[in-house]
Amino acid sequence: AERLFPVEVAAPPAERALLPAEALPAPDEPARPLLSRLRRRGANGGIPRVVHRIWLGDAEMPPELVGYGETWRRYHPEWKFKVWRDRDLRRLVPAGSAARARHPTEVSDLLRFAVLRRHGGLYVDTDVECLRPLDELLEGHTVVAGYEKPGRVGSAVLASVPGHPFFVDAARQAARTVGLG
(Lines give C-alpha, C1' and ligand atoms only; values in the text may rest on other atoms or scores of the structure.)
Protein backbone atom coordinates (compact mmCIF):
# COMPACT_ATOMS: atom_id res chain seq x y z
CA ALA A 1 0.00 0.00 0.00
CA GLU A 2 1.21 3.48 -0.80
CA ARG A 3 2.04 5.63 2.23
CA LEU A 4 1.33 9.34 2.00
CA PHE A 5 3.21 11.80 4.16
CA PRO A 6 1.85 15.28 4.83
CA VAL A 7 4.24 18.03 3.82
CA GLU A 8 4.28 21.65 4.87
CA VAL A 9 6.69 23.89 3.04
CA ALA A 10 7.29 27.23 4.71
CA ALA A 11 7.45 30.38 2.63
CA PRO A 12 11.00 31.60 1.98
CA PRO A 13 12.37 34.33 4.24
CA ALA A 14 11.49 37.78 2.92
CA GLU A 15 15.05 38.53 1.86
CA ARG A 16 15.02 35.44 -0.40
CA ALA A 17 11.49 35.83 -1.73
CA LEU A 18 12.21 38.71 -4.11
CA LEU A 19 14.21 37.79 -7.18
CA PRO A 20 15.29 39.94 -10.10
CA ALA A 21 13.12 39.66 -13.21
CA GLU A 22 15.75 37.64 -15.11
CA ALA A 23 15.51 34.92 -12.45
CA LEU A 24 11.79 34.41 -13.04
CA PRO A 25 10.32 32.07 -15.66
CA ALA A 26 9.79 33.52 -19.10
CA PRO A 27 6.17 34.61 -19.69
CA ASP A 28 5.46 31.58 -21.88
CA GLU A 29 6.71 29.16 -19.20
CA PRO A 30 4.25 28.00 -16.57
CA ALA A 31 5.25 29.37 -13.17
CA ARG A 32 4.81 26.23 -11.09
CA PRO A 33 6.57 25.51 -7.82
CA LEU A 34 9.27 22.84 -8.08
CA LEU A 35 7.63 20.61 -5.49
CA SER A 36 4.47 20.49 -7.61
CA ARG A 37 6.52 18.62 -10.23
CA LEU A 38 7.08 15.63 -7.94
CA ARG A 39 4.89 12.59 -8.47
CA ARG A 40 4.55 9.92 -5.82
CA ARG A 41 4.82 6.94 -8.15
CA GLY A 42 6.03 6.35 -11.65
CA ALA A 43 4.48 4.01 -14.16
CA ASN A 44 7.41 1.58 -14.25
CA GLY A 45 10.23 3.15 -12.24
CA GLY A 46 13.34 3.05 -14.29
CA ILE A 47 15.73 5.06 -12.13
CA PRO A 48 19.14 4.12 -13.57
CA ARG A 49 21.31 2.07 -11.24
CA VAL A 50 24.21 4.50 -11.05
CA VAL A 51 25.50 6.39 -8.00
CA HIS A 52 26.67 9.94 -8.70
CA ARG A 53 28.97 11.84 -6.34
CA ILE A 54 30.61 15.23 -6.82
CA TRP A 55 34.12 16.28 -5.80
CA LEU A 56 35.23 19.77 -6.87
CA GLY A 57 38.64 21.38 -6.55
CA ASP A 58 42.21 20.17 -6.87
CA ALA A 59 42.50 18.46 -3.48
CA GLU A 60 42.29 14.70 -3.22
CA MET A 61 39.15 13.33 -1.63
CA PRO A 62 39.90 12.61 2.06
CA PRO A 63 40.08 8.91 3.05
CA GLU A 64 36.95 9.20 5.23
CA LEU A 65 34.89 10.37 2.23
CA VAL A 66 36.42 7.70 -0.02
CA GLY A 67 35.28 5.21 2.64
CA TYR A 68 31.72 6.49 2.48
CA GLY A 69 31.81 5.89 -1.27
CA GLU A 70 32.88 2.31 -0.65
CA THR A 71 29.77 1.75 1.51
CA TRP A 72 27.66 2.52 -1.57
CA ARG A 73 29.66 0.00 -3.60
CA ARG A 74 29.27 -2.64 -0.88
CA TYR A 75 25.46 -2.44 -0.86
CA HIS A 76 25.07 -1.86 -4.61
CA PRO A 77 27.65 -4.17 -6.25
CA GLU A 78 25.83 -4.34 -9.61
CA TRP A 79 25.53 -0.55 -9.95
CA LYS A 80 27.79 1.88 -11.80
CA PHE A 81 29.59 4.68 -9.96
CA LYS A 82 30.63 8.11 -11.18
CA VAL A 83 32.49 10.91 -9.40
CA TRP A 84 31.92 14.21 -11.21
CA ARG A 85 34.79 16.71 -11.18
CA ASP A 86 35.41 20.31 -12.25
CA ARG A 87 36.23 19.22 -15.81
CA ASP A 88 32.66 17.88 -16.15
CA LEU A 89 31.12 21.30 -15.51
CA ARG A 90 31.65 22.53 -19.08
CA ARG A 91 29.49 19.74 -20.54
CA LEU A 92 26.60 20.11 -18.11
CA VAL A 93 26.42 23.59 -16.57
CA PRO A 94 26.15 26.94 -18.38
CA ALA A 95 29.47 28.78 -17.95
CA GLY A 96 27.81 32.02 -16.85
CA SER A 97 25.94 30.21 -14.07
CA ALA A 98 29.06 28.55 -12.70
CA ALA A 99 30.91 31.88 -12.82
CA ARG A 100 28.21 33.58 -10.70
CA ALA A 101 28.48 30.98 -7.92
CA ARG A 102 29.73 32.47 -4.68
CA HIS A 103 30.81 29.18 -3.13
CA PRO A 104 31.72 25.67 -4.32
CA THR A 105 28.49 24.43 -2.72
CA GLU A 106 26.50 26.44 -5.26
CA VAL A 107 28.56 24.94 -8.10
CA SER A 108 27.87 21.49 -6.65
CA ASP A 109 24.12 22.26 -6.61
CA LEU A 110 24.25 23.27 -10.27
CA LEU A 111 26.10 20.09 -11.17
CA ARG A 112 23.92 17.69 -9.14
CA PHE A 113 20.71 18.99 -10.73
CA ALA A 114 22.26 18.91 -14.22
CA VAL A 115 23.54 15.34 -13.75
CA LEU A 116 20.16 14.06 -12.61
CA ARG A 117 18.38 16.00 -15.37
CA ARG A 118 20.57 14.50 -18.09
CA HIS A 119 21.61 11.08 -16.76
CA GLY A 120 19.23 10.19 -13.95
CA GLY A 121 20.35 7.81 -11.22
CA LEU A 122 21.07 8.27 -7.53
CA TYR A 123 22.98 11.34 -6.35
CA VAL A 124 24.59 11.22 -2.89
CA ASP A 125 26.76 13.80 -1.15
CA THR A 126 30.30 12.60 -0.51
CA ASP A 127 29.71 12.59 3.26
CA VAL A 128 26.70 10.24 3.11
CA GLU A 129 27.23 6.67 4.26
CA CYS A 130 25.10 3.84 2.87
CA LEU A 131 23.70 1.49 5.53
CA ARG A 132 21.55 -0.79 3.32
CA PRO A 133 20.55 -1.34 -0.32
CA LEU A 134 18.13 1.21 -1.78
CA ASP A 135 16.75 -0.87 -4.66
CA GLU A 136 13.36 -1.46 -2.99
CA LEU A 137 13.01 2.20 -2.08
CA LEU A 138 13.60 3.28 -5.69
CA GLU A 139 11.44 0.59 -7.28
CA GLY A 140 8.37 1.97 -9.03
CA HIS A 141 9.34 5.63 -8.61
CA THR A 142 10.54 8.14 -11.17
CA VAL A 143 11.89 10.61 -8.59
CA VAL A 144 12.88 10.24 -4.94
CA ALA A 145 13.91 12.87 -2.40
CA GLY A 146 14.20 12.71 1.37
CA TYR A 147 13.26 15.12 4.06
CA GLU A 148 16.06 17.00 5.78
CA LYS A 149 13.62 18.00 8.49
CA PRO A 150 9.84 18.37 8.51
CA GLY A 151 8.75 20.57 5.62
CA ARG A 152 12.20 20.74 4.03
CA VAL A 153 13.41 18.50 1.22
CA GLY A 154 17.09 17.61 1.53
CA SER A 155 19.53 17.51 -1.36
CA ALA A 156 22.09 15.05 0.04
CA VAL A 157 20.34 12.00 -1.45
CA LEU A 158 18.26 12.40 -4.62
CA ALA A 159 17.20 9.97 -7.35
CA SER A 160 15.47 10.37 -10.68
CA VAL A 161 14.92 9.03 -14.15
CA PRO A 162 16.69 11.09 -16.83
CA GLY A 163 14.71 14.14 -17.92
CA HIS A 164 12.27 14.14 -15.01
CA PRO A 165 10.42 17.49 -14.98
CA PHE A 166 11.47 18.13 -11.37
CA PHE A 167 15.17 18.14 -12.26
CA VAL A 168 14.63 19.87 -15.58
CA ASP A 169 13.06 22.71 -13.58
CA ALA A 170 15.57 22.49 -10.73
CA ALA A 171 18.53 22.73 -13.13
CA ARG A 172 16.95 25.65 -14.97
CA GLN A 173 16.03 27.55 -11.79
CA ALA A 174 19.41 26.92 -10.17
CA ALA A 175 21.22 28.20 -13.29
CA ARG A 176 19.08 31.36 -13.25
CA THR A 177 19.30 32.13 -9.54
CA VAL A 178 22.81 31.02 -8.55
CA GLY A 179 24.73 33.78 -6.83
CA LEU A 180 21.66 35.90 -6.14
CA GLY A 181 21.33 35.29 -2.45
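Which residue does Glu106 form a salt bridge with, and how far apart are the closest N and O atoms? I put that at the top of the page and went looking, keeping in mind that this is a predicted model.

**Entry one.** The partner turned out to be Arg102, with the closest N and O atoms 2.6 Å apart. I checked burial next. Glu106 comes out buried at a relative accessible area of 16%, while Arg102 is exposed at 52%.

**Entry two.** I then ran the search over the whole structure and got nine salt bridges.

**Entry three.** I pulled up Asp88 and Arg91, whose side chains meet in a salt bridge at 3.2 Å, N to O. Asp88 has a relative accessible area of 3%, so I wrote it down as buried, the cut-off being under 20%. Arg91 went down as exposed, because its value is 51% and exposed means over 50%.

**Entry four.** Next I looked at Arg112 and Asp125, a salt bridge with 3.1 Å between the closest N and O atoms. This pair links distant parts of the chain, 13 residues apart. I found Arg112 in helix α5 (residues 104-119), and Asp125 in the loop between β3 (121-124) and α6 (135-138). Are the two buried or exposed? Asp125 is buried at 18% relative accessible area, and Arg112 is buried at 5%.

**Entry five.** Last, I noted a network: Arg49, Asp135 and Glu139 are joined into one by salt bridges that share partners.

Note on methods: Residues numbered from 1 in each chain as written. Predicted model: local features only at pLDDT ≥ 70, side-chain atom pairs only at ≥ 80, totals over all residues. Heavy atoms only, no water. Salt bridge = Lys/Arg side-chain N within 4 Å of Asp/Glu carboxyl O. Buried < 20%, exposed > 50% of the residue type's maximum accessible area, 1.4 Å probe, protein only. Helix = DSSP H or I, 4+ residues; strand = E, 2+ residues; numbered from the N terminus.
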